[in-house]
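Subject: Handing over a structure, with notes

Dear colleague,

I am passing this structure on to you, and my notes on what was found in it follow directly below. Please read them with the structure open beside you.

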Amino acid sequence: MHSPVRPASPADPAGAAGSPSPFERLVELLEREGARYRVVEHPAEGRSEEVAAVRGTTVSQGAKALVCRVKGIDAPAVLAVLAGDRRADLKKVVAAVEGKKGGFAPAELAEELTGCVVGAIPPLSLTGTLPVVVDAEFLAAHEEIAFNAGRLDRSVVMATEDYVRIAAPEVASIAAPVVPAAE
């Protein structure tokens, strides 16, 4: 159900001293945990609408992973995960992890903490250093979720049930309310 792991490329650089790339670590984790998933190869893309079309999924199935700094917790940041067509409510993210105040991490910090470029960050902590909080509505809406797999030209589509089992996230309502478009 998955594609073979390919060697690192410029879109998926190996870590320090030739350690596995984020994509390779992700596939290794999914294999080790017996996840039901498939890898989709596609042109490099980080925008939710465009990559959903290539994956053959809906934008709402796409897991948007945002690195958020939160004061008052032991971790350097939190990985907030929600549907690709929704916006995060930072106050709800902070409350879900019992922090005091929060904000989006600058791209440089997000890349340093995840090893991935912004737009390619998967919705689980490959380093184990970032707590993961996922929007409850997102998890309840789909049997499968999709996400960029540590690189902009590879995605994973996987069973939501397996994602929850493997990522062991905090589940809370963290998406901002949907505001109807003005007519």
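Helix α1 lies across the strands β1, β6 and β7, and its direction makes about 155 degrees with that of β1. Helices and strands are here DSSP runs, numbered from the N terminus, with H or I over at least four residues for a helix and E over at least two for a strand; axes are lines fitted to C-alpha atoms, for helices over the stretch in contact, and angles run from 0 to 180 degrees between N-to-C directions. Helix α2, residues 48-55, also packs on this sheet, where it touches β1, β6 and β7 and runs at about 120 degrees to β6.

Before going further, please note that this is a predicted model, in which local features need pLDDT of at least 70 and side-chain atom pairs count only at pLDDT 80 or more, while totals for chains, interfaces and linings use all residues. Residues are numbered from 1 along each chain as its sequence is written, and side-chain values use heavy atoms, with hydrogens and water left out.

The chain as a whole

The secondary structure comes to 6 helices and 8 strands, and from the N terminus on the elements follow one another as α-β-α-β-β-α-β-α-β-α-β-β-α-β. Of the 183 residues in the chain, 45% are buried, where buried means under 20% relative accessible area, exposed over 50% and partly exposed in between, with a 1.4 Å probe and protein chains only. Among contacts between residues at least 6 apart in sequence, 68% join residues at least 24 apart, a contact being heavy atoms within 4.5 Å.

The two sheets

The sheet on which α1 and α2 lie is an open one of 3 strands in the order β1-β7-β6, with antiparallel pairing; two strands count as paired if DSSP finds at least two bridges between them. Its edge strands are β1 (37-41) and β6, each of which pairs on one side only, and the twist from one strand to the next averages 20 degrees. Between β6 and β7 there are 5 bridges in the antiparallel sense, and Phe147 stands opposite Val156 in β7.

The other open sheet has 5 strands in the order β4-β2-β3-β5-β8, and its pairing is mixed. Here β4 and β8 are the edge strands, each pairing on one side only, and neighbouring strands are turned by 30 degrees against each other on average, with direction ignored. The strands β5 and β8 run parallel and are joined by 3 bridges, while Val133 has Glu170 in β8 opposite to it.

Helix α6 and what follows it

The buried residues of α6 are Thr160, Asp162, Tyr163, Ile166 and Ala167. Seen down the axis of α6, these residues fall within an arc of 160 degrees, so they line one face of the helix; the arc is that of the directions from the helix axis to the C-beta atoms. What covers them includes α1 (22-32), β3 (78-83), β5, α5 (136-141), β6 (144-148) and β7 (154-159). Within this helix, Asp162 is buried with a relative accessible area of 5%, and, residues up to four places away in sequence not counted, Asp162 touches Gly34, Ala35 and Arg36.

After α6 comes Ala168, whose phi is positive, near 45 degrees. Ala168 lies in the loop between α6 (160-167) and β8 (170-172), and Ala168 is exposed, with a relative accessible area of 58%. Most residues other than glycine have a negative phi. Glu98 likewise has a positive phi, of about 55 degrees, although it is not a glycine; Glu98 is found in the loop between α3 (90-96) and β4 (101-104) and counts as exposed, at 68% relative accessibility.

Two further places

Val118 is in the loop between α4 (107-114) and β5 (132-135) and is partly exposed, with a relative accessible area of 49%. Residues up to four places away in sequence aside, Val118 touches Ala107, Ala110, Glu111 and Leu152. Val118 and Gly150 are 32 residues apart in sequence, and their C-alpha atoms are 9.3 Å apart in space.

Finally, Arg151 lies over the face of Phe23, at 5.5 Å from the ring centre; a charge sits over a ring if NZ of Lys or CZ of Arg is within 6 Å of the ring centre and within 35 degrees of the ring normal.

With best wishes
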